[in-house]
Amino acid sequence: MKNLRDNLQTVKQNIERAALHSGRKASEITLIAVSKTVDIDTVKLACDLGISDFGENRVAELGRKREALPAVNWHMIGRLQSNKVKDVVGKACLIHSLDRWNLAQELDKRGQVLAQSIPALLQINIAGEEQKAGIAPGEVHDFLDASSGLSWVKIFGFMTIAPLFEDGEASRPVFRELFQLKKKFSDNSYRNVDLRFLSMGMSQDYEVAIEEGANIVRIGSAIFG
Ligand SMILES: *Cc1c(COP(=O)(O)O)cnc(C)c1O
């Protein structure tokens, strides 16, 4: 698939340029190819072209694709219902969408059953959009503090979805705020918390996100069309 190859090359070049802008190397940025709109054959092609991380926003679809392609990393990036927790733990390498306390508790229970730690990112609703999941910036401290009491869930950073703007540049203040939040809470030492990842930036705004400190970007349409 010629388009896929070209798209990937363009995305990788843009990542490299944006990383340089922020004084980093492209190798410090993890590219997640969001495969929610494509079938497993297309995922395999992307895999052959060197992609090692894929993102899905539905648990069943993640499970199906992972069965066909178990050797790559599968990321859960969409809203996670509590009754689907059992189907995702042990399958997703990282859950980007921890967005409420009772989900943390459900995940922790499941971790206990499997005796398996569960890496997750706290989803933050920076812009305070009504229709979007995520906790408010003002609730982060309490959430991290409470997480110290969990046994299996480990919080490795923050994720956000910027409001949909025509122009990626408009997302910059959102990304900057998430970076500041990470900086602020990195100094505290909460048990079970190690804030090393910032998952932010999608097709429309990943370059801006990287310039503002993202080290994980989730890109769908710019890769798969
Ligand atoms: C679909 C999706 C993406 C990718 O979006 P594109 O605009 O296609 O790059 C990233 N993150 C989440 C949470 C998504 O649901």
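In the predicted model, the side chain of Ser 203 places an N or O atom 2.5 Å from an oxygen atom of the ligand. Since a polar contact requires a pair of N or O atoms within 3.5 Å, this pair qualifies as one. Arg 218 also approaches the ligand through its side chain, a polar atom of which lies 2.9 Å from a ligand nitrogen atom. At Gly 220 the backbone takes this role, with an N or O atom 2.8 Å from an oxygen atom of the ligand. Of the 390 Å² of accessible area that the ligand has on its own, the protein covers 84%.

The ligand occupies the space of the largest pocket. Its surroundings include Ser 203, Arg 218 and Gly 220, together with Val 34, Lys 36, Ile 77, Ile 161, Met 202, Ile 219 and Ser 221. By residue class, this shell consists of 5 nonpolar, 3 polar and 2 charged residues. Among the nonpolar members are Val 34 and Met 202, whereas Lys 36 and Arg 218 are charged.

Aromatic side chains were also examined, and 2 aromatic pairs were counted. One of the pairs joins Trp 101 and Phe 143, whose ring centres are 5.3 Å apart. The planes of these two rings stand at 80°, and an angle over 60 degrees counts as edge-to-face, so the pair is classed as edge-to-face. Trp 101 belongs to helix α5 (residues 101–114) and Phe 143 to helix α6 (residues 140–147), so the pair ties together parts that are 42 residues apart in sequence.

Technical notes:
Residues are numbered from 1 along each chain as its sequence is written. This is a predicted model: local features need pLDDT of at least 70, side-chain atom pairs count only at pLDDT 80 or more; totals for chains, interfaces and linings use all residues. Side-chain values use heavy atoms; hydrogens and water are left out. A residue is near a molecule or strand if one of its heavy atoms lies within 4 Å of it. A polar contact is a pair of N or O atoms within 3.5 Å; within protein, one must be able to donate a hydrogen and the other to accept it, and residues adjacent in sequence count only if both atoms are side-chain atoms. Accessible areas come from the Shrake-Rupley method with a 1.4 Å probe; for residues, only the protein chains shown count as cover. On a 1 Å grid over the protein atoms alone, a cavity is a set of points where a 1.4 Å probe fits but cannot get out, and a pocket is an open set with protein on both sides within 12 Å along at least five of seven lines; lining residues have an atom within 4 Å of a point. A molecule sits in a cavity or pocket if more than half of its atoms lie within 2 Å of its grid points. Rings of Phe, Tyr and Trp (its six-membered ring) pair if their centres lie within 6.5 Å; planes under 30 degrees apart count as stacked, over 60 as edge-to-face and the rest as tilted. Helices (H or I, at least four residues) and strands (E, at least two) are DSSP runs, numbered from the N terminus.
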